[in-house]
Amino acid sequence: MSGVTVFGLCAAAAVGLGFYGLITNPQPLRKIIAFNLLGSGVFLLFGVVGRRGAVAGTGNDPVPQALVITGVVVAFSATALAIALLLRLFQTTGSTKLSNRTSPGDGSDPAGG
Amino acid sequence: MSVATAFEIVLAAVVLGLGTWTIVVRETFSATVGFVAYGLLVALIWVRLDAVDVALTEAAIGGGLGGVLLLGAAARLWDADLMAMEAPGEVARASAAALSVLTAAALAGAVLLLPDPAPTLAPAAVANAWATSLSNPVTNVLMAFRAMDTMLEKVVLLLAIIGVWSLAPDSAWGGRPGPRHQADPRGVLAFLARLLPPVGIVVGIYILWTGADHPGGAFQGGAIVASMWLLAIMAGLADTPPVSRRSVRFILAAGPGLFLVVGLAGLLFGAAFLSYPPAQAKPLILGIEVAMTLTIAATLGLLLAGAPERSAEP
(Lines give C-alpha, C1' and ligand atoms only; values in the text may rest on other atoms or scores of the structure.)
Protein backbone atom coordinates (compact mmCIF):
# COMPACT_ATOMS: atom_id res chain seq x y z
CA MET A 1 0.00 0.00 0.00
CA SER A 2 1.53 3.30 -1.04
CA GLY A 3 1.68 6.43 1.09
CA VAL A 4 -0.86 8.15 -1.14
CA THR A 5 -3.43 5.44 -0.41
CA VAL A 6 -2.71 5.68 3.33
CA PHE A 7 -3.45 9.41 3.27
CA GLY A 8 -6.51 8.83 1.11
CA LEU A 9 -7.94 6.43 3.69
CA CYS A 10 -6.99 8.90 6.45
CA ALA A 11 -8.89 11.64 4.56
CA ALA A 12 -11.97 9.41 4.20
CA ALA A 13 -11.89 8.69 7.95
CA ALA A 14 -11.52 12.40 8.76
CA VAL A 15 -14.64 13.13 6.69
CA GLY A 16 -16.55 10.43 8.57
CA LEU A 17 -15.33 11.70 11.97
CA GLY A 18 -16.24 15.29 11.15
CA PHE A 19 -19.67 14.24 9.90
CA TYR A 20 -20.34 12.31 13.12
CA GLY A 21 -19.24 15.24 15.29
CA LEU A 22 -21.32 17.68 13.27
CA ILE A 23 -24.49 15.66 13.89
CA THR A 24 -24.02 14.53 17.49
CA ASN A 25 -22.25 17.41 19.28
CA PRO A 26 -24.86 19.75 20.76
CA GLN A 27 -22.39 22.67 21.23
CA PRO A 28 -22.35 25.02 18.21
CA LEU A 29 -18.60 25.67 18.56
CA ARG A 30 -17.96 21.92 18.50
CA LYS A 31 -20.12 21.69 15.38
CA ILE A 32 -17.94 24.36 13.75
CA ILE A 33 -14.76 22.45 14.65
CA ALA A 34 -16.28 19.20 13.36
CA PHE A 35 -17.26 20.90 10.13
CA ASN A 36 -13.68 22.11 9.69
CA LEU A 37 -12.46 18.56 10.27
CA LEU A 38 -14.85 17.34 7.56
CA GLY A 39 -13.61 20.08 5.23
CA SER A 40 -9.96 19.26 5.83
CA GLY A 41 -10.69 15.63 4.94
CA VAL A 42 -12.26 16.75 1.66
CA PHE A 43 -9.23 18.94 0.92
CA LEU A 44 -6.92 15.98 1.58
CA LEU A 45 -8.90 13.90 -0.93
CA PHE A 46 -8.13 16.62 -3.49
CA GLY A 47 -4.46 16.35 -2.57
CA VAL A 48 -4.47 12.55 -2.96
CA VAL A 49 -6.12 12.76 -6.39
CA GLY A 50 -3.68 15.52 -7.40
CA ARG A 51 -0.67 13.51 -6.19
CA ARG A 52 -1.66 10.63 -8.43
CA GLY A 53 -1.94 13.04 -11.37
CA ALA A 54 1.60 14.36 -10.95
CA VAL A 55 3.82 14.54 -14.05
CA ALA A 56 7.52 15.28 -14.45
CA GLY A 57 8.21 18.80 -13.22
CA THR A 58 5.33 18.92 -10.75
CA GLY A 59 5.01 16.83 -7.61
CA ASN A 60 1.25 17.30 -7.53
CA ASP A 61 -1.35 18.42 -10.08
CA PRO A 62 -1.40 22.23 -9.67
CA VAL A 63 -5.12 22.64 -10.46
CA PRO A 64 -6.50 20.79 -7.40
CA GLN A 65 -3.78 22.47 -5.32
CA ALA A 66 -5.01 25.90 -6.39
CA LEU A 67 -8.61 24.85 -5.66
CA VAL A 68 -7.60 23.72 -2.17
CA ILE A 69 -5.72 26.96 -1.42
CA THR A 70 -8.81 28.92 -2.42
CA GLY A 71 -10.94 26.50 -0.40
CA VAL A 72 -8.85 26.85 2.77
CA VAL A 73 -9.22 30.63 2.70
CA VAL A 74 -12.97 30.44 2.01
CA ALA A 75 -13.40 27.88 4.81
CA PHE A 76 -11.55 30.19 7.18
CA SER A 77 -13.76 33.17 6.32
CA ALA A 78 -16.91 31.06 6.69
CA THR A 79 -15.65 29.86 10.09
CA ALA A 80 -14.97 33.45 11.16
CA LEU A 81 -18.50 34.47 10.14
CA ALA A 82 -20.01 31.48 11.98
CA ILE A 83 -18.07 32.32 15.14
CA ALA A 84 -19.07 35.97 14.96
CA LEU A 85 -22.73 34.87 14.70
CA LEU A 86 -22.25 32.50 17.65
CA LEU A 87 -20.59 35.15 19.86
CA ARG A 88 -23.38 37.60 19.04
CA LEU A 89 -25.99 34.95 19.91
CA PHE A 90 -24.25 34.35 23.24
CA GLN A 91 -24.02 38.10 23.88
CA THR A 92 -27.74 38.66 23.18
CA THR A 93 -29.30 35.59 24.78
CA GLY A 94 -26.65 34.48 27.30
CA SER A 95 -26.70 30.98 25.89
CA THR A 96 -25.53 29.15 22.80
CA LYS A 97 -28.47 26.75 22.53
CA LEU A 98 -29.44 26.19 18.94
CA SER A 99 -32.84 24.57 19.56
CA ASN A 100 -35.74 26.97 19.25
CA ARG A 101 -38.09 27.04 22.22
CA THR A 102 -40.37 24.18 21.24
CA SER A 103 -43.69 24.08 23.06
CA PRO A 104 -44.86 20.58 24.14
CA GLY A 105 -47.76 20.52 21.65
CA ASP A 106 -45.58 21.57 18.76
CA GLY A 107 -45.96 18.33 16.89
CA SER A 108 -43.14 16.80 14.93
CA ASP A 109 -39.72 18.42 15.13
CA PRO A 110 -38.20 18.51 11.65
CA ALA A 111 -34.68 18.93 13.09
CA GLY A 112 -34.87 15.43 14.57
CA GLY A 113 -32.33 14.39 17.22
CA MET B 1 7.71 -1.74 3.96
CA SER B 2 10.04 1.20 3.55
CA VAL B 3 10.83 3.74 6.28
CA ALA B 4 8.92 6.43 4.36
CA THR B 5 5.73 4.34 4.25
CA ALA B 6 6.06 3.52 7.94
CA PHE B 7 6.39 7.25 8.68
CA GLU B 8 3.32 7.96 6.56
CA ILE B 9 1.26 5.35 8.40
CA VAL B 10 2.33 6.73 11.79
CA LEU B 11 1.57 10.30 10.65
CA ALA B 12 -1.89 9.30 9.38
CA ALA B 13 -2.58 7.44 12.64
CA VAL B 14 -1.58 10.43 14.81
CA VAL B 15 -3.69 12.78 12.65
CA LEU B 16 -6.71 10.49 12.97
CA GLY B 17 -6.11 10.14 16.71
CA LEU B 18 -6.14 13.94 17.09
CA GLY B 19 -9.23 14.16 14.89
CA THR B 20 -11.03 11.64 17.10
CA TRP B 21 -9.89 13.54 20.21
CA THR B 22 -11.39 16.84 18.91
CA ILE B 23 -14.72 15.07 18.38
CA VAL B 24 -15.06 13.02 21.59
CA VAL B 25 -13.29 15.07 24.30
CA ARG B 26 -15.60 16.73 26.84
CA GLU B 27 -14.24 20.26 27.15
CA THR B 28 -14.56 22.54 24.14
CA PHE B 29 -11.21 24.14 24.94
CA SER B 30 -9.39 20.78 24.73
CA ALA B 31 -11.13 20.08 21.43
CA THR B 32 -9.87 23.39 20.11
CA VAL B 33 -6.29 22.69 21.16
CA GLY B 34 -6.58 19.26 19.53
CA PHE B 35 -7.81 20.85 16.32
CA VAL B 36 -4.82 23.24 16.18
CA ALA B 37 -2.40 20.31 16.54
CA TYR B 38 -4.43 18.43 13.92
CA GLY B 39 -4.12 21.37 11.49
CA LEU B 40 -0.34 21.53 11.89
CA LEU B 41 0.09 17.78 11.33
CA VAL B 42 -2.21 17.89 8.29
CA ALA B 43 0.25 20.46 6.89
CA LEU B 44 2.92 17.72 7.19
CA ILE B 45 0.69 15.37 5.18
CA TRP B 46 0.50 18.05 2.49
CA VAL B 47 4.30 18.19 2.41
CA ARG B 48 4.39 14.41 1.98
CA LEU B 49 1.89 14.81 -0.90
CA ASP B 50 4.40 17.19 -2.56
CA ALA B 51 1.99 20.10 -2.30
CA VAL B 52 4.14 22.59 -0.40
CA ASP B 53 2.00 25.58 -1.43
CA VAL B 54 -1.02 23.97 0.21
CA ALA B 55 1.07 22.94 3.23
CA LEU B 56 2.08 26.58 3.80
CA THR B 57 -1.54 27.74 3.48
CA GLU B 58 -2.82 24.98 5.75
CA ALA B 59 -0.20 25.72 8.43
CA ALA B 60 -0.65 29.50 8.31
CA ILE B 61 -4.44 29.74 7.87
CA GLY B 62 -5.87 26.34 8.86
CA GLY B 63 -3.64 25.70 11.87
CA GLY B 64 -2.38 29.15 12.87
CA LEU B 65 -5.04 31.81 12.30
CA GLY B 66 -7.91 29.30 12.50
CA GLY B 67 -6.50 28.10 15.81
CA VAL B 68 -6.39 31.64 17.21
CA LEU B 69 -9.97 32.19 16.04
CA LEU B 70 -11.26 28.99 17.66
CA LEU B 71 -9.25 29.43 20.88
CA GLY B 72 -10.53 33.01 21.24
CA ALA B 73 -14.13 31.87 20.76
CA ALA B 74 -13.68 28.94 23.18
CA ALA B 75 -12.30 31.30 25.84
CA ARG B 76 -15.20 33.72 25.44
CA LEU B 77 -17.77 30.90 25.49
CA TRP B 78 -16.24 29.34 28.63
CA ASP B 79 -19.44 29.89 30.62
CA ALA B 80 -21.63 28.44 27.89
CA ASP B 81 -19.55 25.27 28.01
CA LEU B 82 -20.63 24.63 31.60
CA MET B 83 -24.34 24.79 30.74
CA ALA B 84 -25.96 21.43 30.28
CA MET B 85 -26.83 20.78 26.68
CA GLU B 86 -29.25 18.06 25.79
CA ALA B 87 -27.16 15.45 24.00
CA PRO B 88 -28.84 13.40 21.30
CA GLY B 89 -30.22 10.03 22.38
CA GLU B 90 -28.74 6.60 21.82
CA VAL B 91 -30.71 5.95 18.65
CA ALA B 92 -29.71 9.26 17.09
CA ARG B 93 -26.06 8.62 18.01
CA ALA B 94 -26.13 5.14 16.54
CA SER B 95 -27.72 6.27 13.29
CA ALA B 96 -25.26 9.19 13.02
CA ALA B 97 -22.39 6.75 13.54
CA ALA B 98 -23.80 4.39 10.92
CA LEU B 99 -24.22 7.25 8.43
CA SER B 100 -20.68 8.50 9.08
CA VAL B 101 -19.13 5.06 8.74
CA LEU B 102 -21.05 4.59 5.49
CA THR B 103 -19.78 7.94 4.15
CA ALA B 104 -16.20 7.19 5.15
CA ALA B 105 -16.41 3.70 3.67
CA ALA B 106 -17.77 5.03 0.38
CA LEU B 107 -14.95 7.59 0.19
CA ALA B 108 -12.34 4.96 1.12
CA GLY B 109 -13.71 2.71 -1.62
CA ALA B 110 -13.47 5.59 -4.10
CA VAL B 111 -9.83 6.19 -3.05
CA LEU B 112 -8.98 2.53 -3.55
CA LEU B 113 -10.74 2.35 -6.93
CA LEU B 114 -9.34 5.58 -8.45
CA PRO B 115 -8.79 5.20 -12.22
CA ASP B 116 -5.33 4.36 -13.54
CA PRO B 117 -3.71 6.30 -15.22
CA ALA B 118 -5.01 9.22 -13.18
CA PRO B 119 -6.67 12.07 -15.09
CA THR B 120 -4.55 15.19 -14.73
CA LEU B 121 -4.30 18.79 -15.88
CA ALA B 122 -0.65 19.08 -14.85
CA PRO B 123 0.77 18.67 -18.41
CA ALA B 124 -1.47 21.48 -19.68
CA ALA B 125 -0.40 23.74 -16.77
CA VAL B 126 3.29 23.00 -17.39
CA ALA B 127 3.00 23.40 -21.17
CA ASN B 128 1.41 26.85 -20.89
CA ALA B 129 3.73 28.24 -18.21
CA TRP B 130 5.56 30.33 -20.85
CA ALA B 131 2.52 32.63 -21.14
CA THR B 132 3.11 34.18 -17.72
CA SER B 133 6.90 33.80 -17.25
CA LEU B 134 6.23 32.41 -13.76
CA SER B 135 7.60 28.96 -13.06
CA ASN B 136 5.48 28.01 -10.02
CA PRO B 137 2.58 26.11 -11.62
CA VAL B 138 0.29 26.67 -8.63
CA THR B 139 0.72 30.46 -8.85
CA ASN B 140 0.09 30.19 -12.58
CA VAL B 141 -3.19 28.37 -12.00
CA LEU B 142 -4.25 30.71 -9.19
CA MET B 143 -3.36 33.99 -10.88
CA ALA B 144 -3.76 33.26 -14.60
CA PHE B 145 -5.39 30.01 -15.72
CA ARG B 146 -8.13 30.06 -13.12
CA ALA B 147 -7.86 33.69 -12.06
CA MET B 148 -11.67 33.94 -11.98
CA ASP B 149 -11.78 31.60 -8.94
CA THR B 150 -9.21 33.66 -7.09
CA MET B 151 -10.98 36.92 -7.86
CA LEU B 152 -14.34 35.58 -6.71
CA GLU B 153 -12.67 34.24 -3.58
CA LYS B 154 -11.51 37.79 -2.78
CA VAL B 155 -15.15 38.84 -3.10
CA VAL B 156 -16.12 36.04 -0.66
CA LEU B 157 -13.61 37.45 1.85
CA LEU B 158 -15.13 40.89 1.42
CA LEU B 159 -18.66 39.52 1.92
CA ALA B 160 -17.54 37.64 5.03
CA ILE B 161 -16.11 40.78 6.60
CA ILE B 162 -19.31 42.71 5.77
CA GLY B 163 -21.27 39.90 7.40
CA VAL B 164 -19.12 40.01 10.55
CA TRP B 165 -19.32 43.80 10.81
CA SER B 166 -23.09 43.81 10.40
CA LEU B 167 -23.35 41.85 13.66
CA ALA B 168 -22.23 44.90 15.64
CA PRO B 169 -24.65 46.23 18.26
CA ASP B 170 -26.05 49.72 17.60
CA SER B 171 -23.83 51.33 20.23
CA ALA B 172 -20.65 50.10 18.52
CA TRP B 173 -21.75 50.60 14.89
CA GLY B 174 -18.68 51.55 12.86
CA GLY B 175 -16.49 51.22 15.95
CA ARG B 176 -13.43 49.17 16.84
CA PRO B 177 -13.61 45.34 16.64
CA GLY B 178 -12.90 43.15 19.65
CA PRO B 179 -11.89 44.05 23.19
CA ARG B 180 -8.91 46.31 23.91
CA HIS B 181 -6.11 43.93 24.83
CA GLN B 182 -3.92 44.60 27.84
CA ALA B 183 -0.61 42.92 28.46
CA ASP B 184 2.26 43.44 30.87
CA PRO B 185 4.46 45.93 28.95
CA ARG B 186 7.57 44.18 30.29
CA GLY B 187 6.18 40.66 29.78
CA VAL B 188 7.10 38.00 27.26
CA LEU B 189 4.13 38.73 24.97
CA ALA B 190 4.97 42.43 24.63
CA PHE B 191 8.63 41.54 24.11
CA LEU B 192 7.82 39.06 21.32
CA ALA B 193 5.35 41.52 19.79
CA ARG B 194 8.24 43.98 19.43
CA LEU B 195 10.81 41.41 18.34
CA LEU B 196 8.91 39.28 15.82
CA PRO B 197 6.95 41.66 13.52
CA PRO B 198 10.00 43.15 11.70
CA VAL B 199 11.22 39.63 10.92
CA GLY B 200 7.73 38.32 10.19
CA ILE B 201 6.90 41.13 7.78
CA VAL B 202 10.12 40.50 5.84
CA VAL B 203 9.33 36.76 5.74
CA GLY B 204 5.78 37.53 4.53
CA ILE B 205 7.07 39.76 1.71
CA TYR B 206 9.68 37.13 0.79
CA ILE B 207 7.00 34.42 0.61
CA LEU B 208 4.94 36.68 -1.67
CA TRP B 209 7.92 37.42 -3.93
CA THR B 210 9.27 33.88 -4.13
CA GLY B 211 5.77 32.58 -4.96
CA ALA B 212 6.45 33.37 -8.62
CA ASP B 213 8.95 30.53 -8.95
CA HIS B 214 8.84 28.53 -5.71
CA PRO B 215 6.17 27.50 -3.20
CA GLY B 216 4.59 30.58 -1.67
CA GLY B 217 2.39 33.42 -2.83
CA ALA B 218 -0.10 36.06 -1.82
CA PHE B 219 -2.25 33.88 0.46
CA GLN B 220 0.64 32.54 2.53
CA GLY B 221 2.46 35.90 2.68
CA GLY B 222 -0.74 37.72 3.60
CA ALA B 223 -1.48 35.25 6.39
CA ILE B 224 1.98 35.77 7.90
CA VAL B 225 1.66 39.57 7.77
CA ALA B 226 -1.81 39.29 9.34
CA SER B 227 -0.45 37.19 12.20
CA MET B 228 2.22 39.82 12.91
CA TRP B 229 -0.46 42.50 13.07
CA LEU B 230 -2.55 40.35 15.41
CA LEU B 231 0.45 39.77 17.65
CA ALA B 232 0.88 43.53 18.10
CA ILE B 233 -2.86 43.89 18.77
CA MET B 234 -2.91 41.09 21.36
CA ALA B 235 0.09 42.54 23.18
CA GLY B 236 -1.77 45.85 23.45
CA LEU B 237 0.86 47.67 21.37
CA ALA B 238 -1.64 48.49 18.62
CA ASP B 239 -5.42 48.84 18.57
CA THR B 240 -7.84 47.58 15.95
CA PRO B 241 -8.89 50.41 13.62
CA PRO B 242 -12.50 51.64 13.62
CA VAL B 243 -14.24 49.84 10.78
CA SER B 244 -15.75 53.08 9.49
CA ARG B 245 -12.26 54.44 8.71
CA ARG B 246 -11.91 55.16 5.01
CA SER B 247 -8.35 53.85 4.64
CA VAL B 248 -9.32 50.46 6.15
CA ARG B 249 -12.15 50.07 3.68
CA PHE B 250 -9.89 51.10 0.81
CA ILE B 251 -7.34 48.38 1.67
CA LEU B 252 -10.10 45.77 2.00
CA ALA B 253 -11.42 46.60 -1.47
CA ALA B 254 -7.99 47.12 -3.13
CA GLY B 255 -7.29 43.44 -3.97
CA PRO B 256 -10.58 42.52 -5.65
CA GLY B 257 -10.83 46.05 -7.08
CA LEU B 258 -7.48 45.91 -8.90
CA PHE B 259 -8.21 42.34 -10.03
CA LEU B 260 -11.52 43.50 -11.52
CA VAL B 261 -9.91 46.51 -13.24
CA VAL B 262 -7.23 44.31 -14.83
CA GLY B 263 -9.89 41.77 -15.81
CA LEU B 264 -12.06 44.40 -17.47
CA ALA B 265 -9.03 45.87 -19.25
CA GLY B 266 -8.41 42.38 -20.65
CA LEU B 267 -11.99 42.32 -21.89
CA LEU B 268 -11.67 45.76 -23.53
CA PHE B 269 -8.18 45.58 -25.02
CA GLY B 270 -7.30 41.87 -24.99
CA ALA B 271 -8.81 38.53 -25.79
CA ALA B 272 -11.13 37.90 -22.85
CA PHE B 273 -12.01 38.82 -19.27
CA LEU B 274 -8.90 38.40 -17.08
CA SER B 275 -6.62 37.67 -20.03
CA TYR B 276 -3.15 39.17 -19.70
CA PRO B 277 -0.96 40.03 -22.71
CA PRO B 278 2.00 37.59 -22.36
CA ALA B 279 4.58 40.40 -22.48
CA GLN B 280 3.06 42.21 -19.48
CA ALA B 281 1.75 39.14 -17.69
CA LYS B 282 4.36 39.00 -14.94
CA PRO B 283 4.22 42.69 -13.88
CA LEU B 284 0.42 42.59 -13.96
CA ILE B 285 0.26 39.42 -11.87
CA LEU B 286 2.81 40.75 -9.37
CA GLY B 287 0.87 44.02 -9.08
CA ILE B 288 -2.35 42.16 -8.36
CA GLU B 289 -0.53 39.92 -5.88
CA VAL B 290 0.86 42.89 -3.94
CA ALA B 291 -2.60 44.44 -3.66
CA MET B 292 -4.05 41.03 -2.76
CA THR B 293 -1.47 40.43 -0.04
CA LEU B 294 -2.41 43.72 1.65
CA THR B 295 -6.11 42.93 1.31
CA ILE B 296 -5.69 39.36 2.58
CA ALA B 297 -3.62 40.50 5.57
CA ALA B 298 -6.17 43.17 6.51
CA THR B 299 -9.17 40.91 5.92
CA LEU B 300 -7.80 37.93 7.85
CA GLY B 301 -6.78 40.20 10.74
CA LEU B 302 -10.16 41.93 10.88
CA LEU B 303 -12.08 38.63 10.52
CA LEU B 304 -10.19 37.39 13.58
CA ALA B 305 -10.83 40.61 15.48
CA GLY B 306 -14.58 40.02 15.00
CA ALA B 307 -17.57 42.35 15.13
CA PRO B 308 -17.15 45.96 16.35
CA GLU B 309 -17.68 46.10 20.12
CA ARG B 310 -16.52 49.59 21.12
CA SER B 311 -17.48 52.96 19.68
CA ALA B 312 -14.77 54.71 17.67
CA GLU B 313 -14.30 57.44 20.29
CA PRO B 314 -12.20 56.26 23.25
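The following is a conversation between a biologist and a modeller about chains A and B of a predicted model.

Biologist: What makes Ile288(B) a buried residue?

Modeller: Ile288(B) has 25 other C-beta atoms within 10 Å, and since a residue is called buried at 20 or more such atoms, Ile288(B) is therefore buried. It is found in helix H12 (residues 281-305) of chain B.

Biologist: Which residues are in contact with Ile288(B), leaving aside its neighbours within four places in sequence?

Modeller: Met143(B), Leu258(B), Phe259(B) and Val262(B) are in contact with Ile288(B) on that basis, a contact being a pair of C-beta atoms within 7 Å. As for Ala254(B), which is 34 residues apart from Ile288(B) along the chain, the C-alpha atoms of the two are separated by 9.2 Å.

Biologist: How do you know that the buried residues of H1(B) are on the same side of the helix?

Modeller: The buried residues of H1(B) are Glu8(B), Leu11(B), Ala12(B), Val15(B), Leu18(B), Gly19(B), Thr22(B) and Ile23(B). They cover an arc of only 140 degrees around the axis, and so they are on the same side of H1(B). The face turned away from that buried side carries the exposed residues Val3(B), Ala6(B), Val10(B), Ala13(B) and Gly17(B).

Biologist: What do the buried residues of H1(B) pack against?

Modeller: They pack against H1 and H2 of chain A, together with helix H2 (28-48) of chain B.

Biologist: What is the reach of helix H1 of chain B, set against the expected value?

Modeller: Helix H1 (residues 3-24) of chain B has 22 residues and reaches 31 Å from its first C-alpha to its last, which is close to the 32 Å expected at 1.5 Å a residue.

Biologist: Why is the largest nonpolar core said to lie between the two domains of chain B?

Modeller: Of the 125 residues in this core, Phe7(A), Cys10(A) and Leu44(A) touch the most other members. Domain 1 (1-75) and domain 2 (134-314) of chain B both give residues to the core, and therefore it lies between them. Phe7(A) itself, not counting residues up to four places away in sequence, touches Leu44(A) and Val48(A) along with Glu8(B), Ala12(B), Ile45(B) and Leu49(B).

Biologist: How many residues of the two domains of chain B are in contact, and of which classes are those on the side of domain 1?

Modeller: Contact is made between 10 residues of domain 1 and 13 residues of domain 2 of chain B. By class, the side of domain 1 that touches domain 2 has seven nonpolar, two polar and one charged residues. The centres of the two domains, taken over C-alpha atoms, are separated by 24 Å.

Biologist: How many residues of chain A are in contact with chain B, and which elements of chain A give two or more residues to that side?

Modeller: In chain A, 70 residues are in contact with 84 residues of chain B. The elements of chain A that give two or more residues to this side are helix H1 (3-24), helix H2 (28-52) and helix H3 (62-93), and the largest share, 23 residues, comes from H3(A). By class, the side of chain A that touches chain B has 41 nonpolar, 23 polar and six charged residues.

Biologist: What is the make-up of chain B in helices and strands, and what share of its residues is buried?

Modeller: Chain B has 12 helices and two strands, and buried residues make up 42% of its 314 residues. Among contacts in chain B with a separation of 6 or more, residues 24 or more positions apart account for 73%.

Technical notes: Residues are numbered from 1 along each chain as its sequence is written. Chains are lettered from A and ligands numbered from 1 in the order in which they are written. This is a predicted model: local features need pLDDT of at least 70, side-chain atom pairs count only at pLDDT 80 or more; totals for chains, interfaces and linings use all residues. A nonpolar core is a set of buried Ala, Val, Leu, Ile, Met, Phe, Trp, Tyr and Cys residues joined through C-beta atoms within 7 Å. A residue is buried if 20 or more other C-beta atoms lie within 10 Å of its own, exposed if 12 or fewer, and partly exposed in between; C-beta atoms are placed from the backbone. Domain bounds come from an automatic or database domain assignment. Helices (H or I, at least four residues) and strands (E, at least two) are DSSP runs, numbered from the N terminus. Ala, Val, Leu, Ile, Met, Phe, Trp, Tyr, Cys and Pro count as nonpolar, Asp, Glu, Lys and Arg as charged, and the others, Gly among them, as polar. The expected span of a helix is 1.5 Å times one less than its number of residues. The arc is that of the directions from the helix axis to the C-beta atoms.
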